[in-house]
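This report considers how charged side chains are arranged in the model shown here, with attention to surface charge and paired charges.

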Amino acid sequence: SGDQTKMETVADNIIDMFHNYSGQSKDSEKDTLDPVEFKKMIEVELPHFVKQVRDPKALENFFAKVDGNKNKHINFEEFMKLFGEFVVLSHEKFHHQEGGPHDHPHHH
């Protein structure tokens with residue numbers, strides 16, 4: 001549908017991406033990410049994030065943090081909390097890059 005707003009398109013893209021990975025493994029939980037699917041998604045979709053993560057255990061710890069109910073599966077709601085954090089971090093980093101397109105004047 002060509003008359004979608006940007007926001008609607010973003011929402012669709014996020015849902016599509018989640019389903020792209022949540023359906024991969026043979027686990028019974030079709031609409032969740034298991035640790036393998038999660039790791040693959042992060043590596044493919046957030047390569048720059050992965051490069052910044054030096055600790056190989058970091059992704060596992062990250063998974064554990066996002067997996068609120070500790071059932072070794074990340075559902076869409078848990079995933080959206082993670083995605084929200086990621087976007088917030090990206091926004092902060094954006095403002096820390098001096099001379100960015102939205103560089104705010106700093107008053108001293």
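Asp-12 is placed in helix H1, which covers residues 6-22, in what is a predicted model. With a relative accessibility of 34%, Asp-12 counts as partly exposed, because that class takes in values between 20% and 50%. Asp-12 also belongs to a negative surface patch, whose other members are Asp-3, Glu-8 and Asp-16. A residue can join such a patch when its relative accessible area is over 30% and it has no salt bridge, and the 34% of Asp-12 is therefore sufficient on the first count.

Attention now turns to charges that are paired. Across the whole structure, a search finds 3 salt bridges, and they are set out below with the N to O distance of each pair.

| Positive residue | Negative residue | N to O distance |
|---|---|---|
| Lys-39 | Glu-43 | 2.8 Å |
| Lys-57 | Glu-60 | 3.3 Å |
| Lys-65 | Glu-85 | 3.4 Å |

The pair formed by Lys-39 and Glu-43 lies within helix H2 (residues 35-45), where the two residues are 4 residues apart, about one turn of the helix. Both partners are partly exposed, Lys-39 having a relative accessible area of 41% and Glu-43 one of 38%.

For the salt bridge between Lys-57 and Glu-60, the closest N and O atoms are 3.3 Å apart. Lys-57 counts as partly exposed at 47% relative accessibility, and Glu-60 is likewise partly exposed, with a relative accessible area of 47%.

Which helices hold the partners Lys-65 and Glu-85? The side chains of these two residues meet in a salt bridge at 3.4 Å, N to O; Lys-65 lies in helix H4 (residues 58-66) and Glu-85 in helix H5 (residues 76-96), so the pair ties together parts that are 20 residues apart in sequence. Lys-65 is exposed, with a relative accessible area of 55%, because the cut-off for that class is over 50%, whereas Glu-85, at 39%, is partly exposed.

A record gives a further frame for this part of the chain. In an unreviewed entry, UniProt places the feature "domain: EF-hand" at residues 54-89. In the model, that span is 64% helix and 0% strand, and its end C-alpha atoms lie 17 Å apart.

Methods: Residues are numbered from 1 along each chain as its sequence is written. This is a predicted model: local features need pLDDT of at least 70, side-chain atom pairs count only at pLDDT 80 or more; totals for chains, interfaces and linings use all residues. Side-chain values use heavy atoms; hydrogens and water are left out. UniProt positions are given in the numbering used here, feature names are shortened, and annotations may be inferred rather than shown by experiment. Patches are made of residues with over 30% relative accessible area and no salt bridge: like charges are joined within 9 Å, nonpolar side chains (Val, Leu, Ile, Met, Phe, Trp, Tyr) within 5 Å. Accessible areas come from the Shrake-Rupley method with a 1.4 Å probe; for residues, only the protein chains shown count as cover. A salt bridge is a side-chain nitrogen of Lys or Arg within 4 Å of a carboxyl oxygen of Asp or Glu. Lys and Arg count as positive and Asp and Glu as negative; His and the chain ends are not counted. The place of a charge is taken as NZ of Lys, CZ of Arg, CG of Asp or CD of Glu. Buried means under 20% relative accessible area, exposed over 50%, partly exposed in between (1.4 Å probe, protein chains only).
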